[in-house]
Structure formats: C-alpha cells, structure tokens
Amino acid sequence: MDYVKAIIVDDERRSRELLINLLDNFDNINVFATAESVDHALELIRLNQPDLVFLDIEMPNKNGFELIELLIQNKLNPVVIFTTAYDKYAIKAFKYAAFDYLLKPIKLDVLRLTIDRLFKNNSEFDLTQNSNKLNQFFQEKNLLKLDLRTGTLIIEPKELVLCNADGNYTHLYLADGKQETVTFNIGEISKMLPDQNFYRTGRSHIINLLYLKKIDSKGKSIELKLNDRYKKIKLSKENIIRLREKMQVY
C-alpha cells in the first residue's frame, strides 16, 4: 500500500477537523470526504471505494459498529481504524479483533505510529473476519453492548445496578453512580441479562440482587446501593412477596 484514499466518519465537527489537520502531515493519505452519520458514510463509501475509514463509534441514530455490518453486507472491505474515547472493554476488543484504533484526543505522534503500521502491513485486511472476532469477544466476555441516544455503551453485567423503564427507552443506573439511557425497552433489556443476579420486580424495574440492601415490607419499598448512596424503589405488596421468595432461593 503506497497511497491511501481515506474518509473520516464522525458526528463531531471539531473531531473531523482535528483529524483532517493531523492527516495533512502525511503526503500518502488523501482525505477525499468526511461524513457525520452512518447513512451518509455508507453512500460515500459505496461511490468512492476508499482504502481507509477513520470511524468514530459514538454517533446518533446508528453507531460505528452498525456501519461495519453495513459495509460487510455491501461487500465493501476498507481498512477500518476506530477513533474513540472508549473504555477498557472496547480497547481490549479492538486488540483482540486486530482492529487499529486511535484514542481521542488524537495526538500526532500516535497517529504517525498507526499510519506507519498501516503502510508496513502487507497482509490483506479482512473486515468480515475482524468483525466476527469483535462480536466473538463481546459474547465470550459476556459484555453488554447497548445503544444510547448518542452512541454505544459497553459494560459488564455486574456493573448494572438498576434498570428503569421509560416507554421505548430504559434508564440504567450503574455501580459507579453514572446514569445512562439506552434505546431498548425494558423487555428487550431483560432478554439480554443473565438470569443469575437479575430480577424483574414488575413492569418498570429490573434490579441486580447483588446491590439489594433492604426490603421494607411495611413501607412497600426496597433499597439498592448505588456507589456511596442508596436508591429507594416503591413496590407493590405482591412484588415484595415475590422478591422475598426469590431471595430465599438466591
């Protein structure tokens, strides 16, 4: 690979501009276009057949993982370099699946090393194979890959304390005190979670029994520990009884 035609896919204008400026330092890379959405990116990639895609993950509507699947469906096989501010799980997954990645904010010296690897690597990049390995990693590690309104959340099930239904959305309360809203209804979330530890208390809540600290039958409520504070949830008398029965078996 002597000369590369590239596209940048990122919904953040500043991120696109920063990467364009950094890539100006490389004469052998031509950024022919940028895209701020998956659908726009797919159209440009179909028409222009780039060699390289710099791909953000956290984008609204459809995320970077979904673009990978669409490229495979359309029999497109560009080299993909993820650009991400992601956590440890995604980074481990990229390494396992042999995807290259750049952590935001991107630094020129790190970008230079990545570009050097790109030009020194003579083996054929196989997007389908890499994507399969990526999905395999998430399955083997039992990680949850959940769509947010602004991107994707990757967590271990044990990090999830509480799910709270909100129509077609679900609010997640995490062990570190953070809250996220995912674009799945609570029924869909229930199917993703392992049976062990998780219990659906009714239509509105799923709780992680590892964080259950108090069952108040008289007050018809329970308390879950969230980081250094407690979250109280009101339950019906029937749900309190069922939860007590569950805890006797648990």
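Is Lys220 buried, partly exposed or exposed? With a relative accessibility of 41%, Lys220 counts as partly exposed. The legends below describe close-up views of a predicted model, and the last of them returns to this residue.

**View 1. The open sheet of five strands.** The strands are arranged in the order β2-β1-β3-β4-β5, and their pairing is parallel. At the edges are β2 (29-35) and β5 (100-103), each of which pairs on one side only. From one strand to the next, the twist averages 25°. Strands of a sheet pair through backbone hydrogen bonds, in either a parallel or an antiparallel sense.

**View 2. Strands β3 and β4, with two helices packed on the sheet.** Strand β3 (residues 52-56) and strand β4 (residues 79-84) run parallel and are joined by five bridges. Within this pair, Asp56 of the one strand stands opposite Thr83 in β4. Helix α3 (residues 64-73) packs on the sheet and touches β1 (4-9), β3 and β4. The direction of α3 makes about 145° with that of β3. Helix α4 (residues 88-96) also packs on the sheet, where its contacts are with β4 and β5. Between the directions of α4 and β5 the angle is about 150°.

**View 3. Helix α6 and its buried face.** Helix α6 (residues 127-140) has 14 residues, which at 1.5 Å a residue should span 20 Å; the end C-alpha atoms are 20 Å apart, so the expected and modelled spans agree. The buried residues of α6 are Leu127, Asn130, Ser131, Leu134, Phe137 and Phe138. Seen down the axis of the helix, these residues fall within an arc of 115°, and they therefore line one face of α6. Their cover includes α3, β4, α4, β6 (144-147) and β7 (152-155).

**View 4. The two ends of helix α6.** At the start of α6, Asp126 places a side-chain oxygen within 3.1 Å of the backbone nitrogen of Thr128. After the helix comes Asn142, with a positive phi near 55°.

**View 5. The hairpin of β6 and β7.** Four residues form the connection in the hairpin that joins β6 to β7. The two strands pair in the antiparallel sense over four bridges, and Asp147 stands opposite Thr152 in β7. In a regular strand, side chains alternate between the two faces of the sheet. In β6, Leu144 and Leu146 make up a covered face, while Lys145 and Asp147 make up an uncovered one. The strands β6 and β7 are also among the elements that cover the buried residues of α6.

**View 6. The surroundings of His205.** His205 is found in strand β12 (residues 205-208). Its relative accessible area is 16%, below the 20% limit for a buried residue, so His205 is classed as buried. Leaving aside residues up to four places away in sequence, His205 touches Leu162, Cys163, Asn164, Ile186, Tyr199, Arg200 and Ile233. With one of these, Asn164, the side chain of His205 makes a polar contact of 3.4 Å.

**View 7. Gln179 and its contacts.** Gln179 lies in strand β10 (residues 179-182). Not counting residues up to four places away in sequence, Gln179 touches Leu172, Tyr173 and Arg229. Cys163 is 16 residues from Gln179 along the chain, and 9.9 Å separates the C-alpha atoms of the two.

**View 8. A cis peptide bond before Pro105.** Most residues other than glycine have a negative phi, and most peptide bonds are trans. The bond that joins Lys104 and Pro105 is cis, with omega at about -5°. Pro105 lies in the loop between β5 and α5 (108-120).

**View 9. Positive phi at Gln49 and Lys220.** Gln49, although not a glycine, has a positive phi of about 50°. This residue is found in the loop between α2 (38-48) and β3. Gln49 has a relative accessible area of 48% and is partly exposed. Lys220, likewise a residue other than glycine, has a positive phi near 50°. Its place is in the loop between β13 (212-216) and β14 (221-226). As stated at the outset, Lys220 is partly exposed at 41% relative accessibility.

Key: Residues are numbered from 1 along each chain as its sequence is written. This is a predicted model: local features need pLDDT of at least 70, side-chain atom pairs count only at pLDDT 80 or more; totals for chains, interfaces and linings use all residues. Side-chain values use heavy atoms; hydrogens and water are left out. Two strands pair if DSSP finds at least two bridges between them. Axes are lines fitted to C-alpha atoms, for helices over the stretch in contact, and angles run from 0 to 180 degrees between N-to-C directions. Contact means heavy atoms within 4.5 Å. The expected span of a helix is 1.5 Å times one less than its number of residues. Buried means under 20% relative accessible area, exposed over 50%, partly exposed in between (1.4 Å probe, protein chains only). The arc is that of the directions from the helix axis to the C-beta atoms. A polar contact is a pair of N or O atoms within 3.5 Å; within protein, one must be able to donate a hydrogen and the other to accept it, and residues adjacent in sequence count only if both atoms are side-chain atoms.
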